[in-house]
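User: I would like a close look at a single part of the structure shown below, with its surroundings described as they become relevant. Please take it slowly and keep the account connected.

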Amino acid sequence: MTDNKLVNSIVEGIKDKKGENITILDLRGIDGSICDYYIICDANSTTQTDAIADSVWDRVFKDLHEKPLHDEGRQNATWILLDYHEVILHIFHRPSRAFYSIETLWNDAKRTDIPNED
């Protein structure tokens, strides 16, 4: 994945709950970016988006003793954001990800797609 422990811990938390279509955008070389990495994934249901957020929260705290600075979107769980300052995670219910297509905002970022596990 990357040499960033936080990114790797987040990705493992996503995988623990079968999150899919994981994309890592490396924004470190982009002027004006608000973080070093964006991680985007999707889920098959709002229940799964919430479970992924809980899994990432628990995994990162266990691995690195860090909590997100900001956590939003849990009310309807179609799009949950966890902000760890240097890394921002967006967890989408699949139809919401297709609608917003947030990764296209950072077309100039280095992109790494993590294959879905069967």
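In which sense do strand 4 and strand 5 pair, parallel or antiparallel, and over how many bridges?

Analyst: The structure is a predicted model, and the description below should be read with that in mind. In this model, strand 4 (79–83) and strand 5 (87–93) pair in the antiparallel sense, and five bridges hold the pairing. Within it, Leu82 stands opposite Leu89 of strand 5. The two strands form a hairpin with three residues between them, and one residue of the turn, His85, has a positive phi of about 70 degrees. As general background, most residues other than glycine have a negative phi.

Strand 5 itself repays attention, because seven of its seven residues are buried and the strand is therefore largely enclosed by the rest of the structure. Its side chains alternate in direction: Val87, Leu89, Ile91 and His93 point one way, Ile88, His90 and Phe92 point the other way, and the residues of both sets are buried. Leu89, which faces Leu82 across the hairpin pairing, thus belongs to the set that also contains Ile91.

Strand 5 has a further partner in strand 2 (residues 37–43), to which it is joined by seven bridges, and here the two strands run parallel. In that pairing Cys41 stands opposite Ile91. Strand 5 therefore takes part in an antiparallel pairing with strand 4 and a parallel pairing with strand 2, in keeping with the wider sheet, an open one of six strands in the order 3-4-5-2-1-6 with mixed pairing. The edges of this sheet are taken by strand 3 (70–72) and strand 6, each of which has a single partner strand, so that one side of each is left without a neighbour in the sheet. From one strand to the next, the twist averages 15 degrees.

Following the strand order from strand 2 towards strand 6 leads to strand 1. Strand 1 (residues 20–26) has five of its seven residues buried, so the rest of the structure largely encloses this strand as well. Five bridges join strand 1 to strand 2 in an antiparallel arrangement, and in that pairing the bridge partner of Glu20 is Asp42. Strand 1 is likewise antiparallel to strand 6 (residues 110–114), again over five bridges; there Ile22 stands opposite Ile114, while Ile24 stands opposite Thr112.

Two helices pack against strand 5 and its neighbours. Helix 1 (residues 5–16) touches strand 5 together with strand 1, strand 2 and strand 6, and its direction makes about 0 degrees with that of strand 2. Helix 2 (residues 46–64) lies across strand 5 as well as strand 2, strand 3 and strand 4, running at about 160 degrees to strand 5.

These helices also meet each other: the axes of helix 1 and helix 2 come within 8 Å and cross at roughly 140 degrees. That angle makes helix 1 oblique to helix 2, and the crossing is right-handed. On the helix 1 side, the contact includes Lys5, Leu6, Ser9 and Ile10, and on the helix 2 side Arg59, Val60, Asp63 and Leu64 are among the residues met. The residues of this contact divide into seven nonpolar, three polar and five charged.

Ser9 gives a closer view of that contact. Placed in helix 1, Ser9 has a relative accessible area of 3% and therefore counts as buried. Leaving aside residues up to four places away in sequence, Ser9 touches Arg59, Val60, Asp63 and Leu64, residues that belong to the helix 2 side of the contact.

Besides His85 in the hairpin turn, a positive phi occurs at His65 and Ser101. His65, not a glycine, has a phi of about 55 degrees and sits in the loop between helix 2 and strand 3; with 61% relative accessibility, His65 counts as exposed. Ser101, likewise a residue other than glycine, has a phi near 45 degrees and is found in the loop between helix 3 (94–100) and strand 6. With a relative accessible area of 26%, Ser101 is partly exposed.

To return to the part you asked about, strand 5 is paired with strand 4 through an antiparallel set of five bridges and with strand 2 through a parallel set of seven, and both helix 1 and helix 2 reach strand 5.

Notes
Residues numbered from 1 in each chain as written. Predicted model: local features only at pLDDT ≥ 70, side-chain atom pairs only at ≥ 80, totals over all residues. Heavy atoms only, no water. Buried < 20%, exposed > 50% of the residue type's maximum accessible area, 1.4 Å probe, protein only. Helix = DSSP H or I, 4+ residues; strand = E, 2+ residues; numbered from the N terminus. Pairing = 2+ DSSP bridges. Axes fitted to C-alpha atoms, helices over the stretch in contact; angles between N-to-C directions. Contact = heavy atoms within 4.5 Å. Parallel < 35°, antiparallel > 145°, perpendicular 65-115°, else oblique. Left-handed = near helix turned anticlockwise from the far one by under 90°. Nonpolar A, V, L, I, M, F, W, Y, C, P; charged D, E, K, R; others polar.
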